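Colleague: I would like to learn how to read the helices and the ligand site of a model such as this one, step by step. Could we look at it together?

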Amino acid sequence: MNKKLKVIIVITAIIASVAGIIGGGLMYSQDNSDFQGLAGKRILIAYYSYSGNTKAVAEKIQSYTAGDIFEIKPKKAYPSNYNDVVNIAQKEKSEGAKPELIENGNTEGYDIIFIGTPVWWYTMASPVRTFLSVNNFDGKTIVPFCTHGGGGESSTYTDIQKLVPKAEVKAGYTSYERSAKDADIKKWIDEALRQGKDKI
Ligand SMILES: Cc1cc2nc3c(=O)[nH]c(=O)nc-3n(C[C@H](O)[C@H](O)[C@H](O)COP(=O)(O)O)c2cc1C
């Protein structure tokens, strides 16, 4: 090996190790041991998504937490026409509708449940209302997240807490459409699990 090549290898090794130290705080592994609040906990990520935005965030959370993932699906699928869904959702909100799900899912055995929803008419989508009503959340920790089209989370998280009064609902992660950033999601997971109820 010539001298020049050796120098290049040494410099590359130094750069790689420095980058590892600096980036260490942001490198999260599949075994979730980088998140203090998740240690030894059984984790579920349950979400509903009509057009894929919330699903994308849910899948990121799953990859960082190594939890189980469950897609909430209504028995009667919503129409693909946007205006039709908007009208149906408005009616469902005013009635507090809880549309039947293909599968109710099961929260037994989980300690921390991430719940994801698009914002529909300033609150959670109706299938999420069903999921929260048919499962048991007593004594469990809920970490909510939502995606929206410009209006923010509105009443989404406070409405979730009302449906599950015996659960502790942590601070939510709110993002616009597909704008969620990996580093922000990781920071939120870390911080949300250290916060009390008052941070909703
Ligand atoms: C029925 C319906 C109602 C909506 N209501 C709101 C709203 O109140 N506030 C808002 O910011 N966005 C609203 N949006 C936009 C969605 O929250 C946004 O596009 C979201 O990212 C969609 O997530 P998804 O792809 O997971 O379904 C609404 C969309 C639909 C279809």
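Modeller: Let us start with helix 5, which spans residues 156-163 and in which T156, Y157 and I160 are buried; please keep in mind that this is a predicted model.

Colleague: Why do the buried residues of helix 5 lie on the same side?

Modeller: The general idea is that an α-helix has 3.6 residues a turn, so residues three or four places apart point the same way. In this case, the buried residues cover an arc of only 95° around the axis, which puts them on the same side of helix 5. Among the elements covering these buried residues are strand 3, strand 4 (123-124) and helix 4 (126-134), together with strand 5 and strand 6 (168-169).

Colleague: Which residues are buried in helix 6, and which exposed residues does the face turned away from its buried side carry?

Modeller: In helix 6, residues 182-192, the buried ones are K186, W188, I189 and A192. Their arc around the axis is only 160°, and therefore they sit on the same side of helix 6. The face turned away from that buried side carries A183 and D184, which are exposed, whereas the buried residues pack against helix 2, strand 5 and strand 7 (173-176).

Colleague: Which elements each supply at least two residues of the shell around the ligand?

Modeller: Helix 2 (53-65), helix 3 (82-95), strand 3 (112-120) and strand 5 (141-148) each do so. Of the 21 residues around the ligand, those that come nearest are N53, T54, P118, G149 and G151.

Colleague: How do the residues of that shell divide into nonpolar, polar and charged?

Modeller: The shell around the ligand has 9 nonpolar, 10 polar and 2 charged residues.

How values were computed: Residues numbered from 1 in each chain as written. Predicted model: local features only at pLDDT ≥ 70, side-chain atom pairs only at ≥ 80, totals over all residues. Near = placed C-beta within 6 Å. Helix = DSSP H or I, 4+ residues; strand = E, 2+ residues; numbered from the N terminus. Nonpolar A, V, L, I, M, F, W, Y, C, P; charged D, E, K, R; others polar. Buried ≥ 20, exposed ≤ 12 C-beta atoms within 10 Å, placed from the backbone. Arc of directions from axis to C-beta. Contact = placed C-beta atoms within 7 Å.
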